[in-house]
Amino acid sequence: MGYMKKHNAKILFTGNTSDQGQWLKHRKIGASAIHNLIEADRYKKGLIDKPEYSSPWILYQELKGLYQPTFTDYMQDKLDFGHFAEDFIRAKFKDVAERQGITGVKEVTAGEEVLGSTEHDFMTCTPDGWVLMSNGEYIPLECKTGDSFQWAEWSGDTVPDKYYSQCQWILECTDKPFMFILGWINNRFTKVFTVEKDEKFIQIMLEIARDFWKKFVANIEPEMVGNKVEADALGELYIIPQKEPEKIEDTSLEPEAIALLQKSLQELKDIEKEIKRPAESLKIKIKKEMLSKGLKIMNVGGLTAKLDSRGYLKLA
């Protein structure tokens, strides 16, 4: 039996796609990045709370080659484990699939390609693997890892939201009707999820991606979301000034934005005052009890109250 064509995408790069190497020069809006843009769009429309990690602004900086995030040893170890685990997940995929009633898996191979869409010049993806079925068809595969905190979101009947958009991006890029995704979460396998192509959702993604790419080509930076990852990136991108200027410049923020900032800061002050009064009263009572008992440290409902050498009370 002859094998079908693996995919209908352009091959932009072949080789290792798990390091910080040459493959990064060939990616545009990848499958991992599209959820970034979708979350920011939902936040802008008031549909979700501020995303913790998503930032079109950071994606822009990365694609322009202006910024590359640095990771703590802990985070780098987690990333490295995820790459190493892909080999394990691919090797076990056939057995896991058969245990779950999915038959016809012939072999599983690594992706090791950066693929570009033939229809959308801004679209790229790097599938973690390919599942060759007994009928000669190749199915894209994504391999995921996670700890006990992620198990709940993997325990349902549908793939976690942030990976759904990733799968849909891969399906559009490769022109495939469905794909598999399998997770090694909390030291055990999840179910093998089969994700079918969702044309309506893909059109939503494409509209958001086109807008980002049009501005990207025109060198127009996206608006910042205002989360911690952006604050951290600013600290790495720019040198913090140490010298006081002779003249203080005015901000370029619009008057409406300045008014909103002033209103928000005042509201925060009011809230802080409201909750600070009872807290301070209770801290004084705790301090009195500790001093009267001659205690330096005391347990307060799971919090640790501690008096320093100057008699200042700290709660942690």
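Biologist: In this predicted model, which residue of S4 is the bridge partner of glycine 116?

Modeller: The partner is threonine 124. Strand S3 covers residues 113-116 and is joined to S4 by 2 bridges, the two strands running antiparallel.

Biologist: What makes S3 and S4 a pair of strands?

Modeller: Pairing takes at least two bridges. S3 and S4 have 2 bridges between them, so they count as paired.

Biologist: What is the strand order in the open sheet?

Modeller: The order is S1-S3-S4, 3 strands with antiparallel pairing. S1 (10-14) and S4 (124-125) are the edge strands; each has a single partner, so one side of each has no neighbour in the sheet.

Biologist: How do you know that cysteine 125 is in no disulfide?

Modeller: The nearest cysteine sulfur belongs to cysteine 173 and is 3.6 Å away. A disulfide needs the two sulfur atoms within 2.5 Å, so cysteine 125 does not qualify. For cysteine 167 the nearest cysteine sulfur is that of cysteine 125, at 11 Å, and cysteine 167 is in no disulfide either. The count for the model is 0 disulfides.

Biologist: Why are cysteine 125 and cysteine 167 called buried?

Modeller: Buried means under 20% relative accessible area. Cysteine 125 has 1% and cysteine 167 has 0%, so both count as buried.

Biologist: Why is the pair of phenylalanine 88 and tryptophan 184 called edge-to-face?

Modeller: The ring centres are 5.1 Å apart and the planes make an angle of 80°. Centres within 6.5 Å make a pair, and planes over 60 degrees apart make the pair edge-to-face; therefore this pair is edge-to-face. Phenylalanine 88 lies in helix H3 (residues 73-99) and tryptophan 184 in strand S7 (residues 178-185), so the contact ties together parts 96 residues apart in sequence.

Biologist: What makes the pair of phenylalanine 88 and phenylalanine 189 stacked?

Modeller: Their centres are 5.5 Å apart with the planes at 20°. Stacked requires under 30 degrees, so the term applies. Phenylalanine 189 is in strand S8 (residues 188-189), 101 residues from phenylalanine 88 in helix H3.

Biologist: Are the three rings buried or partly exposed?

Modeller: Phenylalanine 88 is partly exposed at 35%. Tryptophan 184 is buried at 18%, and phenylalanine 189 is buried at 18%. The cut-off for buried is under 20%, so phenylalanine 88 falls outside that class.

Biologist: How do you know that the side chain of aspartate 41 makes a polar contact with that of lysine 45?

Modeller: The two side chains are 3.0 Å apart at the contact, and the limit is 3.5 Å. Aspartate 41 is found in helix H1 (residues 31-44).

Biologist: Which backbone oxygen does the side chain of serine 155 reach?

Modeller: That of tryptophan 151, at 2.7 Å. Serine 155 is in the loop between helix H4 (151-154) and helix H5 (161-174).

Biologist: Why is serine 155 called partly exposed?

Modeller: The relative accessible area of serine 155 is 43%. Partly exposed lies between the buried limit of 20% and the exposed limit of 50%, so the label follows.

Biologist: Which charged end sits over the ring of tryptophan 151?

Modeller: That of arginine 188, 3.8 Å from the ring centre. The charged end of lysine 64 sits over phenylalanine 216, 4.2 Å from the centre of its ring. Phe216 also belongs to a cluster linked by ring pairs, with Tyr60, Phe212 and Trp213.

Key:
Residues are numbered from 1 along each chain as its sequence is written. This is a predicted model: local features need pLDDT of at least 70, side-chain atom pairs count only at pLDDT 80 or more; totals for chains, interfaces and linings use all residues. Side-chain values use heavy atoms; hydrogens and water are left out. Helices (H or I, at least four residues) and strands (E, at least two) are DSSP runs, numbered from the N terminus. Buried means under 20% relative accessible area, exposed over 50%, partly exposed in between (1.4 Å probe, protein chains only). A polar contact is a pair of N or O atoms within 3.5 Å; within protein, one must be able to donate a hydrogen and the other to accept it, and residues adjacent in sequence count only if both atoms are side-chain atoms. Rings of Phe, Tyr and Trp (its six-membered ring) pair if their centres lie within 6.5 Å; planes under 30 degrees apart count as stacked, over 60 as edge-to-face and the rest as tilted. A charge sits over a ring if NZ of Lys or CZ of Arg is within 6 Å of the ring centre and within 35 degrees of the ring normal.
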